[in-house]
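Work through the exercises below with the sequence and the model side by side. Try each task before you read its solution.

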Amino acid sequence: MTDEKKPLPLDTNSLAVMRTLLANERTFLAWCRTALGLLGFGFVLEKAGLYLKHFVPDANPLMSKDLGMLSLFALFSGMLVLVGAAVRFFSIEKQIGSKLGRMTPFPEVLVLFAVALVLIISVLSGKMIFN
């Protein structure tokens, strides 16, 4: 008697469903990386605008205002990309009709929302303090 575990036989359709689910998750994570990049870019732009406004005396005030608007655009674009990616992920998973129940991006979504919230609060508090 051997204790070797034999893999369960899977039909071709269930393997195709698994590949599609994994591809869907990879696509979702790629969009999450894009959203994080936009959020980080918005944060850096905001801090550059604040630096320009308060530490460079002969800087054009319009430039720091434009940087502030661009940073808010990048931050909110990042959030929009994140929400769109989550909606897309769940709609495709629903279309596939998977009964596996393993593919849930809730940890990734929670981490991204936490990071986005921290960055947005940091930007808004910087605007309130320095204005």
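**Exercise 1. Find the element that holds Ser 64, and decide whether this residue is buried or exposed.**

Step 1. Ser 64 is part of helix H2, which covers residues 61-96. Helices (H or I, at least four residues) and strands (E, at least two) are DSSP runs, numbered from the N terminus.

Step 2. The model is predicted: local features need pLDDT of at least 70, side-chain atom pairs count only at pLDDT 80 or more, and totals for chains, interfaces and linings use all residues. Residues are numbered from 1 along each chain as its sequence is written, and side-chain values use heavy atoms, with hydrogens and water left out.

Step 3. Buried means under 20% relative accessible area, exposed over 50%, and partly exposed in between (1.4 Å probe, protein chains only). Ser 64 counts as buried because its relative accessibility is 12%.

Step 4. A polar atom of the Ser 64 side chain lies 3.0 Å from the backbone oxygen of Pro 61.

Step 5. Contact means heavy atoms within 4.5 Å. With neighbours within four places in sequence left aside, Ser 64 is in contact with Gly 49, Leu 52 and Lys 53.

**Exercise 2. Classify Pro 61 and Leu 70 by accessibility, and give the C-alpha distance from each to Gly 49.**

Step 1. Pro 61 lies in helix H2, and so does Leu 70.

Step 2. Pro 61 has a relative accessible area of 62%, so this residue is exposed. Leu 70 is partly exposed because its value is 41%.

Step 3. From Pro 61 to Gly 49 there are twelve residues in sequence and 9.4 Å in space, C-alpha to C-alpha. Leu 70 and Gly 49 are 21 residues apart in sequence, and their C-alpha atoms are 9.7 Å apart.

**Exercise 3. Describe the protein chain as a whole: its elements, its buried share and its contacts.**

Step 1. The protein chain has three helices and zero strands, and its elements run α-α-α from the N terminus on.

Step 2. Of its 131 residues, 27% count as buried.

Step 3. Take the contacts in the protein chain with a separation of 6 or more: 83% of them join residues 24 or more positions apart.

Step 4. The protein chain exposes about 9200 Å², of which carbon and sulfur atoms supply 70%. Accessible areas come from the Shrake-Rupley method with a 1.4 Å probe; for residues, only the protein chains shown count as cover.

**Exercise 4. Which residues make up the largest nonpolar core, and which elements give two or more residues to it?**

Step 1. A nonpolar core is a set of buried Ala, Val, Leu, Ile, Met, Phe, Trp, Tyr and Cys residues joined through side-chain atoms within 4.5 Å. In soluble globular proteins, nonpolar side chains tend to be buried together.

Step 2. The largest core has nine residues: Phe 28, Cys 32, Ala 35, Leu 82, Ala 85, Ala 86, Phe 89, Val 109 and Leu 112.

Step 3. Helix H1 (12-55), H2 and helix H3 (106-130) each give two or more residues to this core. H2 provides the largest share, four residues.

Step 4. Another core, of seven residues, lies apart from this one and includes Leu 39, Leu 75, Leu 119 and Val 123.

**Exercise 5. Take Asn 24, Ala 35 and Phe 43 in turn, and list what each of them contacts beyond four places in sequence.**

Step 1. Asn 24 lies in helix H1. This residue is buried because its relative accessible area is 5%. Asn 24 is in contact with Arg 88, Phe 89, Ile 92 and Glu 93.

Step 2. Ala 35 is in contact with Gly 78, Val 81 and Leu 82.

Step 3. Phe 43 is also found in helix H1. At 25% relative accessibility, Phe 43 counts as partly exposed. Phe 43 touches Leu 75, Leu 119, Ser 122 and Val 123.

Step 4. Phe 43 and Ala 116 are 73 residues apart along the chain, and their C-alpha atoms are separated by 9.8 Å.

Notes: Polar contact = N/O pair within 3.5 Å; in protein donor to acceptor, adjacent residues only side chain to side chain.
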